[in-house]
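Subject: Structure handover

Hi,

Here is the structure for your files. My notes on it follow below.

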Amino acid sequence: MKKMICYIVMVIMVSLSDPAAAQELLQGRVTNLTGEPLAGTSVLLMGSRKSVSTDKAGYFSFSGVKGPDTLLSSHVGYISEKASFTAATAPINIQLRPDEN
C-alpha cells in the first residue's frame, strides 16, 4: 500500500512540473512609442474568441495559451498591431504607433 501511495504522489509531482504547462500563461505589455503604458488596449488572440484589455500599467495576460499564434492589439487613436509568438516568447512587448489620420 505504501508503494502505491508513493507511486501516485510521484506521478502527481511529475505532472505538475511539466515545463509545457508553465508556458500556458502568456503575458505582455502594450505601450506607445515613448514607452508609456496604454491602458484599456484590446488584445485579441486571433483565430479564437479570447480577448482581454490591458490594465492601467498596460499589462495583459492570457491563460491556456501555448502558441504559436498571433495577437492583435488595438487602441483608439493608434494603428492596430499584430504580434506573433511561440511558447518560448515571454513576455510579449507591443508598441503601438499613433494614427495620424
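One open sheet has three strands in the order β4-β1-β7, with mixed pairing. Strands here are DSSP runs (E, at least two residues; helices are H or I, at least four), numbered from the N terminus. Two strands count as paired if DSSP finds at least two bridges between them. β4 (59–63) and β7 (92–96) are the edges of this sheet. Each has a single partner strand, so one side of each has no neighbour in the sheet. Neighbouring strands are turned by 25° against each other on average, direction ignored. For such angles, axes are lines fitted to C-alpha atoms (for helices, over the stretch in contact), and values run from 0 to 180 degrees between N-to-C directions.

Before you read on: this is a predicted model, where local features need pLDDT of at least 70 and side-chain atom pairs count only at pLDDT 80 or more, while totals for chains, interfaces and linings use all residues. Residues are numbered from 1 along each chain as its sequence is written, and side-chain values use heavy atoms, with hydrogens and water left out.

Back to β1 (residues 25–32). It runs parallel to β7, and five bridges join the two. Glycine 28 stands opposite isoleucine 92 of β7.

Next, the other sheet. It is open and has four strands, in the order β3-β2-β5-β6, with antiparallel pairing. β3 and β6 (81–85) are its edge strands, and each pairs on one side only. The average turn between neighbouring strands is 20°, direction ignored.

β2 (residues 42–45) has two partners to look at:

- β3 (residues 51–53) pairs with β2 in the antiparallel sense, over three bridges. Valine 43 has valine 52 of β3 as its bridge partner. The two strands form a hairpin with five residues between them. In the turn, glycine 47 has a positive phi of about 80°.
- β5 (residues 69–74) also runs antiparallel to β2, joined by four bridges. Leucine 44 stands opposite leucine 72 of β5.

β2 also has two unlike faces. Val43 and Leu45 are on the covered face, Ser42 and Leu44 on the uncovered one. In a regular strand, side chains alternate between the two faces of the sheet.

Now the side-chain contacts. How many salt bridges does a search of the whole structure find? One. The cut-off is a side-chain nitrogen of Lys or Arg within 4 Å of a carboxyl oxygen of Asp or Glu. Glutamate 24 pairs with lysine 66, with the closest N and O atoms 3.5 Å apart. Glutamate 24 lies in the loop between α2 (19–22) and β1, and lysine 66 in the loop between β4 and β5, so the pair ties together parts 42 residues apart in sequence. Glutamate 24 is partly exposed, at 29% relative accessibility. Lysine 66 is partly exposed too, at 42%. Buried means under 20% relative accessible area, exposed over 50%, partly exposed in between (1.4 Å probe, protein chains only).

The whole-structure search also gives one aromatic pair. Phenylalanine 60 and phenylalanine 62 meet edge-to-face, 6.2 Å centre to centre, with 70° between the planes. Rings of Phe, Tyr and Trp (its six-membered ring) pair if their centres lie within 6.5 Å; planes under 30 degrees apart are stacked, over 60 edge-to-face, and the rest tilted. Phenylalanine 60 and phenylalanine 62 are both buried.

Best wishes
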